[in-house]
Amino acid sequence: MLIHMSTFSGNFNSSRAAHPSMQPHRVEREDVVATIRASCPTCGDVELTSGDVTVLICSTNNEGAYAFQCPACRLAVSKPAEGRVIDLLVSSGVQMSVWQLPAELHEPRNGKPIGYDDLLEFHFALQGDDWMTELTSALATDDER
Ligand SMILES: [Zn+2]
């Protein structure tokens, strides 16, 4: 990934230093454009602007990634990124989105994993008219253990 900053007027770096907030700083009549070169697995290097890319931060494990849709083949591309790349992307105006791992990952797991026999049994149970009653009564029995 390569990020190239260009401004139509003024110096982006000096204006950033004077305003260290995460919000992109825009002086009147100054338009900041960051050209981001990223790689699509199908098309190779593609050029994007900060609006085309999204930074994704997982709040559970603090891992970062960036995502974009390839302008050539429309493939959705997502790649892991280190902190300094994330910082650079965010400071060049890329929007950041924070997400967390699904809560189901922390649910306790009991019993054996579902196997082919269970699946077959379930398939045959669905053939009957009262499969829902059988299923819920089986679950109630499981909970009592
Ligand atoms: Zn592509």
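## A helix across a four-stranded sheet

Helix α2, residues 83-91, lies across β4, β5, β6 and β7 and runs at about 135° to β4. This is a predicted model.

**The chain as a whole**

The chain holds four helices and seven strands. Starting at the N terminus, the elements follow the pattern β-α-β-β-β-β-β-α-β-α-α. Buried residues account for 10% of the 145 residues. Among contacts with a separation of 6 or more, 49% link residues 24 or more positions apart.

How confident is the prediction? The average pLDDT of the chain is 81, and 77% of the residues score at least 70. One stretch stands apart for caution. Over residues 7-30, pLDDT stays under 50, and the model has 21 contacts beyond four places in sequence for them. Where pLDDT is low, the predicted coordinates should not be read in detail.

**The sheet**

Now to the strands under helix α2. Four of them make an open sheet in the order β6-β5-β4-β7, and the pairing is mixed. Which strands stand at the edges? They are β6 and β7 (95-99). Each has a single partner strand, so one side of each is left without a neighbour in the sheet. From one strand to the next, the twist averages 25°.

Strands of a sheet pair through backbone hydrogen bonds, either parallel or antiparallel. Here β4 and β5 pair in the antiparallel sense, over five bridges. Ile 57 stands opposite Gly 64 in β5. Thr 54 has Ala 67 in β5 as its bridge partner. On the other side of the pairing list, β5 and β6 also run antiparallel, joined by six bridges. There, the bridge partner of Phe 68 is Val 77 in β6.

Strand β5 has two faces. Gly 64, Tyr 66 and Phe 68 form the covered face. Ala 65, Ala 67 and Gln 69 form the uncovered one.

**Two hairpin turns**

β4 and β5 form a hairpin with five residues between them. The hairpin of β5 and β6 has six residues between its strands. In each turn, a residue other than glycine takes a positive phi. The table sets them out.

| Residue | Loop | Phi | C-beta neighbours within 10 Å |
|---|---|---|---|
| Asn 62 | between β4 (53-58) and β5 (64-69) | near 65° | 8 |
| Arg 74 | between β5 and β6 (76-81) | near 65° | 9 |

Are these residues buried or exposed? Asn 62 is exposed, because 8 other C-beta atoms lie within 10 Å and 12 or fewer count as exposed. Arg 74 is exposed too, with 9 C-beta neighbours inside 10 Å.

**Ala 72 and its distant contacts**

The loop between β5 and β6 also holds Ala 72. This residue is exposed, with 11 other C-beta atoms within 10 Å. Which residues does Ala 72 touch, not counting residues up to four places away in sequence? They are Cys 40, Cys 43 and Val 46. Take Cys 43. Ala 72 and Cys 43 are 29 residues apart in sequence, and their C-alpha atoms are 7.3 Å apart in space.

**The nonpolar core**

The largest nonpolar core has 12 residues. They are Ala 34, Ile 36, Ala 38, Val 46, Leu 48, Val 53, Val 55, Tyr 66, Phe 68, Ala 81, Leu 89 and Val 94. Which strands each supply at least two residues of this core? They are β2 (32-40), β3 (44-49), β4 and β5. The largest share is three residues, and it comes from β2.

Several core members have appeared already. Tyr 66 and Phe 68 belong to this core, and they sit on the covered face of β5. Val 46 is in the core and is one of the residues that Ala 72 touches.

Val 55 gives a closer look at one core residue. Leaving out residues up to four places away in sequence, Val 55 touches Gly 64, Tyr 66, Ile 86, Leu 89, Val 90, Val 94, Gln 95, Met 96 and Ser 97. Tyr 66, Leu 89 and Val 94 on that list are core members as well.

Methods: Residues numbered from 1 in each chain as written. Predicted model: local features only at pLDDT ≥ 70, side-chain atom pairs only at ≥ 80, totals over all residues. Buried ≥ 20, exposed ≤ 12 C-beta atoms within 10 Å, placed from the backbone. Contact = placed C-beta atoms within 7 Å. Pairing = 2+ DSSP bridges. Axes fitted to C-alpha atoms, helices over the stretch in contact; angles between N-to-C directions. Core = buried A, V, L, I, M, F, W, Y, C linked by C-beta atoms within 7 Å. pLDDT = per-residue confidence, 0-100.
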